[in-house]
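This report describes one protein model for a reader who has not seen it before. The sequence and structure come next, followed by a short account of the fold, its helix pairs and selected residues.

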Amino acid sequence: MNRLPLVTVADKLENASWLDAAATWVARTVRTLLPTKAKDILHGVPLGHPLHPLLIVVPLGSWVSAAALDLLPGTEPAAKTLVGLGVLSAVPTALTGVTDFSELDTEQQRVGIVHQGANAAAVVLYAASWLARARGDHGLGKGLAFAGLATAGAGGFLGGHLSYRQGAGVNRNEDLPEQVPAGWHALGPVDSFASGTPQRASLGEVDLLVLRRTDGPADGTVSVLADTCSHLGGPLHEGELRRDKGGLCIVCPWHASTFSMDSGEVVHGPATAPQPRFATRVRDGILEVSLTA
């Protein structure tokens, strides 16, 4: 089946290196200006998944509803209210989106910067629509609103491309339970893993982060997490160990997502999904792990 032209455009944007300068500037500005706690909230760490898709419902729902009312007589005041609600709610929605954007890969940011531009243009059109309606020019207001809806639709298509084609915001470890058989599995002699140093091990096709602990009262215990960062797949064993919120954490080398070595929970984003944690035991000097124990 032939694909729509817009799909081809989105594919080409992934390779449009001329967008890199603008994308890099926006990402760097966001990372510089926003404090860590604010970024964690905007990424959606407390929710366990990105916050941006949840907030999108408000402006788009308002604008689609306004479009429906614009096709009916005698609904001008209600339509004007919905247009204004959409413009106001677009501000926090854009803030969550640009925060997620700041921690994406290069190809994703190229699509993302055009997605942002389309949405910004839609907000401008809708703001102009509200002003026209406030002056009593409802004809112009309706025209600007329908133009804004078309522009927001194009931006939404690119947002879908980001999520469903490029995997922005998805959990990279969602299918891990299907890849790891139930029960205990040997990783090798426990003495083959250096103390205090994150190391990579393999359990079939699954990469693991193994750390022989040297901290706290349980010195000599072993912590094992999935090695693939849930955010964008970074190799956690190459990351830095750091103490944060009273516990030992591993920081992803790609985008600085921070996970507890004790539980795998997200301490700081951009990741929102925790790292799968494996139970460990040592039998006859052999380190064994289990995802289901």
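## Backbone, helices and contacts

Asp 284 is exposed, with a relative accessible area of 83%. Here buried means under 20% relative accessible area, exposed means over 50%, and partly exposed lies in between, with a 1.4 Å probe and protein chains only. Residues are numbered from 1 along each chain as its sequence is written. The model is predicted, so local features need pLDDT of at least 70 and side-chain atom pairs count only at pLDDT 80 or more, while totals for chains, interfaces and linings use all residues; side-chain values use heavy atoms, with hydrogens and water left out.

The protein chain has 293 residues, of which 46% count as buried. Its C-alpha atoms fill a box of roughly 80 × 45 × 35 Å along the principal axes. The secondary structure comes to 8 helices and 10 strands. These are DSSP runs numbered from the N terminus, with at least four residues (H or I) for a helix and at least two (E) for a strand.

Asp 284 lies in the loop between strand 9 and strand 10 (286-290), and its phi is positive, about 55 degrees, although it is not a glycine. Ala 256 also is not a glycine and has a positive phi, of about 70 degrees. Ala 256 sits in the loop between strand 6 (247-251) and strand 7 (258-260) and is partly exposed at 40%. A cis peptide bond, with omega of about 20 degrees, joins Gly 269 and Pro 270. Pro 270 belongs to the loop between strand 8 (266-268) and strand 9 (277-283). Most residues other than glycine have a negative phi, and most peptide bonds are trans.

Two packed helices are described by the angle between their axes and the distance between the axes. Axes are lines fitted to C-alpha atoms, for helices over the stretch in contact, and angles run from 0 to 180 degrees between N-to-C directions. The axes of helix 4 (residues 52-70) and helix 5 (residues 76-101) come within 8 Å and cross at roughly 155 degrees, which means that helix 4 is roughly antiparallel to helix 5. Helix 6 (residues 106-134) and helix 7 (residues 138-165) pack at about 165 degrees, with axes 8 Å apart, and are therefore roughly antiparallel. Angles under 35 degrees count as roughly parallel, over 145 as roughly antiparallel, 65 to 115 as roughly perpendicular and the rest as oblique.

The whole structure holds 8 salt bridges, each a side-chain nitrogen of Lys or Arg within 4 Å of a carboxyl oxygen of Asp or Glu. The table gives some of them.

| Salt bridge | Closest N and O atoms |
|---|---|
| Arg 165 and Asp 11 | 2.9 Å |
| Asp 207 and Arg 200 | 2.8 Å |
| Asp 262 and Arg 213 | 3.1 Å |

Arg 165 in helix 7 and Asp 11 in helix 1 are 154 residues apart, so this salt bridge links distant parts of the chain. Asp 11 is buried at 16%. Asp 262 is partly exposed at 42%, whereas its partner Arg 213 is buried at 8%. Asp 207 and Arg 200 are both partly exposed, at 25% and 45%.
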